[in-house]
Each structure stands twice: as structure tokens, then as C-alpha cells.
Amino acid sequence: MYTQGLDQANSAAELADGQETPEQLARFQARIDAEEKIEPKDWMPAAYRKTLIRQISQHAHSEIIGMQPEGNWLTRAPSLKRKAILLAKVQDEAGHGLYLYSSAETLGISRDQMVEQLLEGRAKYSSIFNYPTLSWADIGAIGWLVDGAAIMNQIPLCRCSYGPYARAMIRICKEESFHQRQGFEIMLTLCRGNEAQQAMAQDALDRWWWPSLMMFGPSDGDSQHSAQSMKWKIKRFSNDELRQKFVDVTVPQAEFLGLEVPDDELEYDREARHYRFGEIDWSEFHEVLKGNGPCNRQRMETRRRAHEGGAWVREAAVAHAEKRAAKNAA
């Protein structure tokens, strides 16, 4: 889809000395303000490149790590049809990771470097994937809530100022929309079932509601990157704006399902036309980010084993490419 082998106008190495003039920065911001797409060969500030690498690689890592909670249920889904649908979804997530790694590579960083940063703990992924999937209803909750929150965050990224990222997001959002509907359908089926199934659905909502709200990141006043990312039009909405949109859309869906959102302070403000909700436990959010969530260690150990177990495939692919190149050269 993309390649890191592009002849970039200002590679990471070329920007190591930090030589950027006010005129260059002003021209770049003017292009952003004019809604022009920035492409890999275009000049860009080092900080813009760094921000994109951080965000896109974190997004890619999240897609790959995010395969684990659902992959855990591939053999335990309640029917062959459910197994096939879930398998297709997990495969979609792998594809999303590949699109995003490829997009990030256009910025002058290799996939090997990004994976190394993840495995060494120098790169993060979404905190939501450090929670366990305890029942089949959790698979429904992930599709409905987690993918629903992802869509809310990612649709504006289709208009991101960086072209390769924006184009990758178009297909990703189409597939994520299907995943969200699939999750809601699972919850709907459970809520139309017997009392035990309804209780299972309510339990899943109770456990996934607050982590889903945390997915949008810290409150605007505590976010380190949000303001600059919005100025560069990498992001189009702030964390709190996206969180509010998600709550406004999702609460009526919960009411339709006959489920109760686990928030005693939740109420509809008719004048503002928004749902007011309780305070998020940010101490939990930061603990999970620091690696102290319920499944942090498990997720990373599984990822390391998968990476080590796939070493022979990567080596075989390189050997095949070298053999083919040598044959063509001859």
C-alpha cells in the first residue's frame, strides 16, 4: 500500500540538526490551513513527523495487540457462524495494523524499528486492550463500545492532513463500522434472550463502559499533544469533544437494549442537548498505561512469543527476496 523506500525531501536523518526556518514553518502551516494534504516527499517540520510516527505506530500496535482479547474466543464462540464472523474480524484487525505500519514507514521509520519499540516498552498501545474478555458478551461489548469509540475517533482521521494516514483510515473505518454493528447485534441477541443472557450483557457493559470512555485519552487540560495535533489538523476534535459525542450516541443505544449504563451521575441536559456523565477514574487509566492493568504483562508476553515464533517466516521471506533479486540481476 505504501513503501518506506520513497525519496523523501527531508528524512529523519536530514532533520537531525533541527534546521528549520520561520519561513518554512509558516509556509507549512499555510498549507495545513488551506486543507492541503501533506505527502511523504513534501517538506514537513521534524515535530510534525515525530508526532505522526508516535500516533500512527501506536495506532498500528493497538490493532495488532487488539487481536488478542477476541482471538481468545475464536474456539469458544457459540456457533460455527459466530466463529467465522469473529475470525474475519480478527483478520481485519491484522490488516489494519499492516496498513498503518506501512503508512508510518513513509515517514522514514522501519517496521522493525516500530516493533522493537513496542517490545521494549518504549511505544504504547491503547489501554483498552489490557482488560480481560471473561464471557461471550465481552465480544459483543468490544464491538459495540470499543469499536464504536474507535470509529468516533477515527472517522475524523480520514481528513487528517497527512495523506497516507488519511487514505489508510478510509478503508479501516468502513471495516470498523461493520465490527461495531456486529458487536451491537451480539448484545441485542443476548438482551432478547433469557435472564442469564441479559445479566451477561449487563455485566459486560458494567466492565467495559468506563475503559471505553478512557479510550479517547486524557481530558483536554491534561493532554500533552492534542492542541498541536489539532493545529496541524492531524486531529480534528479534542479528546473531550469526541468523548462527549460517543456518550451522546451510545446511551440511547444502551436504553434500546434495555441495559443500564453504570453511571449514577448520568443524566440528559435538555438545554445543552448532551448527556452529562460522572468523573472518570483517571488513576486507573494511568496505572494501566504504566503497565499495571489486568492483562498488560499477558498481552506483551503473547506478542513477544508471536514475534519470536515468526522469525523463521521473516528470514525465509528475506532469503526468497534476495534469491529473486539475484536471479533478476543475472
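Where is the place of Arg273? The answer is in point 6, with the other backbone notes.

1. **Basis of the model.** This is a predicted model, in which local features need pLDDT of at least 70, side-chain atom pairs count only at pLDDT 80 or more, and totals for chains, interfaces and linings use all residues. Residues are numbered from 1 along each chain as its sequence is written, and side-chain values use heavy atoms, with hydrogens and water left out.

2. **Confidence.** pLDDT is the predictor's confidence in each residue, from 0 to 100. The protein averages 92, and 95% of the residues score at least 70. Among the elements, helix 8 has the highest mean pLDDT (98) and helix 9 the lowest (90). Helices (H or I, at least four residues) and strands (E, at least two) are DSSP runs, numbered from the N terminus. Residues 1-17 need care in reading: pLDDT stays under 50 there. For that stretch the model has 45 contacts beyond four places in sequence. Contact means heavy atoms within 4.5 Å.

3. **Nonpolar core.** The largest nonpolar core holds 78 residues. Such a core is a set of buried Ala, Val, Leu, Ile, Met, Phe, Trp, Tyr and Cys residues joined through side-chain atoms within 4.5 Å. Buried means under 20% relative accessible area, exposed over 50%, and partly exposed in between (1.4 Å probe, protein chains only). Tyr48, Trp144, Tyr162, Tyr165, Trp208 and Trp209 touch the most other members. Helix 7 gives the most to this core, with twelve residues. Leaving out residues up to four places away in sequence, Trp209 touches Leu145, Phe246, Val247, Thr250, Val251, Val261 and Pro262.

4. **Salt bridges.** The count comes to 17. The rule asks for a side-chain nitrogen of Lys or Arg within 4 Å of a carboxyl oxygen of Asp or Glu.
   - Arg31 pairs with Asp42, with the closest N and O atoms 3.3 Å apart. Arg31 lies in helix 1 (residues 22-33) and Asp42 in the loop between helix 1 and helix 2 (46-65), so the pair ties together parts that are eleven residues apart in sequence. At 24% relative accessibility, Arg31 is partly exposed. Arg31, Glu36 and Asp42 are linked in a network of salt bridges.
   - Glu70 and Lys89 meet at 2.4 Å, N to O. Glu70 is in helix 3 (residues 67-71) and Lys89 in helix 4, so this salt bridge ties together parts that are 19 residues apart in sequence. Glu70 and Lys89 are buried.
   - Arg82 forms a salt bridge with Glu185, the closest N and O atoms being 2.7 Å apart. The pair links distant parts of the chain, with Arg82 in helix 4, Glu185 in helix 7, and their positions 103 residues apart. Arg82 counts as buried at 15% relative accessibility, whereas Glu185 is partly exposed at 36%. Beyond four places in sequence, Arg82 touches Ala77, Trp136, Glu185, Ile186 and Thr189.

5. **An unpaired buried acid.** Which side chain of opposite charge is nearest to Glu176? That is Lys89, 6.1 Å away. Glu176 is buried yet has no salt bridge. For charge, Lys and Arg count as positive and Asp and Glu as negative; His and the chain ends are not counted. Glu176 lies in helix 7 (residues 163-191). Not counting residues up to four places away in sequence, Glu176 touches Glu63, Glu93, His96, Asp147, Ile151 and Gln154.

6. **Backbone and loops.** Most residues other than glycine have a negative phi. Arg273 has a positive phi of about 60°. The place of Arg273 is in the loop between strand 1 (267-269) and strand 2 (274-276). Arg273 is exposed, at 66% relative accessible area. Lys233 also has a positive phi, near 60°. Lys233 sits in the loop between helix 9 (226-231) and helix 10 (239-257), and counts as buried at 17% relative accessibility. Arg192 lies in the loop between helix 7 and helix 8 (195-214), and is exposed at 64%. Arg192 and Gly258 are 66 residues apart in sequence and 9.2 Å apart in space, C-alpha to C-alpha.

7. **Cysteines.** A search of the whole structure finds zero disulfides. A disulfide is a pair of cysteine sulfur atoms within 2.5 Å. For Cys173, the nearest cysteine sulfur is that of Cys158, 3.8 Å away. Cys173 is buried, with a relative accessible area of 6%. Cys191 is buried at 12%.
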